[in-house]
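Biologist: Hi, got a minute to walk me through this one? I'd like to go through it piece by piece.
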Amino acid sequence: MESPAPPTALQLECFYAYGYRGRAMFAVRAPFAMDGAAQELIGKKALIDGVLREIVAVSRQISGPIAKGEPIGVEARAC
(Lines give C-alpha, C1' and ligand atoms only; values in the text may rest on other atoms or scores of the structure.)
Protein backbone atom coordinates (compact mmCIF):
# COMPACT_ATOMS: atom_id res chain seq x y z
CA MET A 1 0.00 0.00 0.00
CA GLU A 2 1.35 3.41 -0.93
CA SER A 3 1.96 6.05 1.69
CA PRO A 4 0.02 9.27 1.17
CA ALA A 5 2.50 11.98 0.24
CA PRO A 6 2.21 15.42 1.81
CA PRO A 7 1.74 18.18 -0.78
CA THR A 8 5.37 19.29 -0.41
CA ALA A 9 6.87 15.80 -0.99
CA LEU A 10 8.87 15.23 -4.16
CA GLN A 11 7.69 12.47 -6.49
CA LEU A 12 10.88 10.67 -7.56
CA GLU A 13 11.08 8.09 -10.33
CA CYS A 14 13.12 5.16 -9.00
CA PHE A 15 15.16 2.95 -11.34
CA TYR A 16 16.33 0.50 -8.68
CA ALA A 17 17.46 0.15 -5.06
CA TYR A 18 21.08 -0.73 -4.25
CA GLY A 19 23.63 -0.79 -1.46
CA TYR A 20 26.65 1.51 -1.37
CA ARG A 21 29.25 1.31 1.41
CA GLY A 22 26.70 -0.22 3.76
CA ARG A 23 23.98 2.34 2.97
CA ALA A 24 20.59 1.69 1.38
CA MET A 25 20.42 3.80 -1.78
CA PHE A 26 17.93 4.47 -4.58
CA ALA A 27 18.82 5.40 -8.16
CA VAL A 28 16.33 8.14 -9.08
CA ARG A 29 15.90 10.89 -11.68
CA ALA A 30 16.88 14.36 -10.46
CA PRO A 31 13.61 16.31 -10.09
CA PHE A 32 15.20 19.63 -11.16
CA ALA A 33 18.58 21.13 -12.10
CA MET A 34 20.88 21.84 -9.14
CA ASP A 35 24.53 22.18 -8.16
CA GLY A 36 26.66 19.06 -7.78
CA ALA A 37 26.31 18.88 -3.99
CA ALA A 38 22.50 18.61 -4.28
CA GLN A 39 21.97 20.27 -0.89
CA GLU A 40 18.48 21.23 -2.08
CA LEU A 41 17.42 17.59 -1.66
CA ILE A 42 18.87 16.86 1.79
CA GLY A 43 16.12 16.73 4.41
CA LYS A 44 13.31 16.78 1.83
CA LYS A 45 10.48 14.29 1.91
CA ALA A 46 10.06 12.20 -1.24
CA LEU A 47 7.76 9.45 -2.43
CA ILE A 48 10.08 6.69 -3.70
CA ASP A 49 8.61 3.35 -4.79
CA GLY A 50 5.35 4.17 -3.03
CA VAL A 51 7.00 4.85 0.35
CA LEU A 52 7.37 8.28 1.91
CA ARG A 53 11.06 8.77 2.72
CA GLU A 54 13.40 11.52 3.91
CA ILE A 55 16.50 12.10 1.79
CA VAL A 56 19.63 12.07 3.97
CA ALA A 57 22.43 11.99 1.35
CA VAL A 58 23.11 12.19 -2.37
CA SER A 59 25.88 10.23 -4.11
CA ARG A 60 27.11 10.51 -7.69
CA GLN A 61 29.85 8.97 -9.83
CA ILE A 62 30.60 12.26 -11.61
CA SER A 63 31.10 15.85 -10.50
CA GLY A 64 29.62 19.13 -11.66
CA PRO A 65 26.06 20.43 -11.89
CA ILE A 66 23.12 18.01 -11.95
CA ALA A 67 20.69 18.30 -14.87
CA LYS A 68 16.95 17.74 -14.49
CA GLY A 69 16.23 14.07 -15.18
CA GLU A 70 19.84 12.95 -14.62
CA PRO A 71 20.19 9.67 -12.68
CA ILE A 72 21.49 10.26 -9.14
CA GLY A 73 21.78 8.10 -6.05
CA VAL A 74 19.94 9.12 -2.90
CA GLU A 75 20.17 7.63 0.58
CA ALA A 76 16.72 7.85 2.13
CA ARG A 77 15.03 6.53 5.26
CA ALA A 78 11.35 5.75 5.72
CA CYS A 79 9.39 8.48 7.51
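Biologist: Let's start with Y18: what is its relative accessible area, and how exposed does that make the residue?

Modeller: Happy to help, and keep in mind that this is a predicted model. Y18 has a relative accessible area of 28%, so Y18 is partly exposed.

Biologist: How many aromatic pairs does the model have?

Modeller: The count is 1 aromatic pair. That pair is Y16 with Y18: the ring centres are 5.7 Å apart and the planes sit at 55°, so the pair is tilted.

Biologist: Thanks. Over to the sheet, then: how many strands form it, and in what order?

Modeller: The open sheet is formed by 6 strands in the order 1-4-5-6-3-2, and the pairing is mixed. Strand 1 and strand 2, which covers 14-20, are the edge strands, and each pairs on one side only. On average, neighbouring strands of this sheet are turned by 45° against each other, direction ignored.

Biologist: You said mixed. Which sense do strand 1 and strand 4 pair in?

Modeller: Strand 1 (residues 10-12) pairs with strand 4 (residues 45-48) in the parallel sense, over 3 bridges. If you want a spot to look at, Q11 stands opposite L47 in strand 4.

Biologist: And what about strand 4 with strand 5, parallel or antiparallel?

Modeller: Antiparallel, over 4 bridges, with strand 5 spanning residues 51-59. Here K45 stands opposite E54 in strand 5. The hairpin of these two strands has 2 residues between the strands, and D49 takes a positive phi near 55° there.

Biologist: Nice. How many bridges join strand 2 to strand 3?

Modeller: There are 6 bridges between strand 2 and strand 3 (residues 23-29), and the two run antiparallel. Y20 stands opposite R23 in strand 3.

Biologist: Changing topic: how many disulfides are there?

Modeller: The count is 0 disulfides. For C14, the closest cysteine sulfur is in C79, 15 Å away, which is too far for a bond, because a disulfide needs the sulfur atoms within 2.5 Å.

Biologist: Are those two cysteines buried or exposed?

Modeller: One of each. C14 counts as buried at 17% relative accessibility, whereas C79 is exposed, with a relative accessible area of 54%.

Biologist: Now the interior. How many residues does the largest nonpolar core have?

Modeller: That core has 16 residues, and those with the most contacts inside it are L12, F26, V28, L41, I48, I72 and V74. Strand 1, strand 3, strand 4 and strand 6 (71-78) each supply at least two residues of this core. Strand 6 gives the largest share, 3 residues.

Biologist: What is V74 in contact with?

Modeller: Leaving aside neighbours within four places in sequence, V74 is in contact with A24, M25, F26, V28, I48, I55, A57 and V58.

Biologist: V58 caught my eye there. Where does V58 lie, and is V58 buried or partly exposed?

Modeller: V58 lies in strand 5. At 21% relative accessibility V58 counts as partly exposed, because buried means under 20%.

Biologist: And which residues does V58 touch?

Modeller: Not counting residues up to four places away in sequence, V58 touches A38, L41, I42, I72, G73 and V74.

Biologist: One last thing: how far apart are V58 and F26?

Modeller: They are 32 residues apart in sequence, and 9.6 Å apart in space from C-alpha to C-alpha.

Key: Residues numbered from 1 in each chain as written. Predicted model: local features only at pLDDT ≥ 70, side-chain atom pairs only at ≥ 80, totals over all residues. Heavy atoms only, no water. Phe/Tyr/Trp six-rings, centres within 6.5 Å; stacked < 30°, edge-to-face > 60°. Buried < 20%, exposed > 50% of the residue type's maximum accessible area, 1.4 Å probe, protein only. Pairing = 2+ DSSP bridges. Axes fitted to C-alpha atoms, helices over the stretch in contact; angles between N-to-C directions. Contact = heavy atoms within 4.5 Å. Core = buried A, V, L, I, M, F, W, Y, C linked by side-chain atoms within 4.5 Å.
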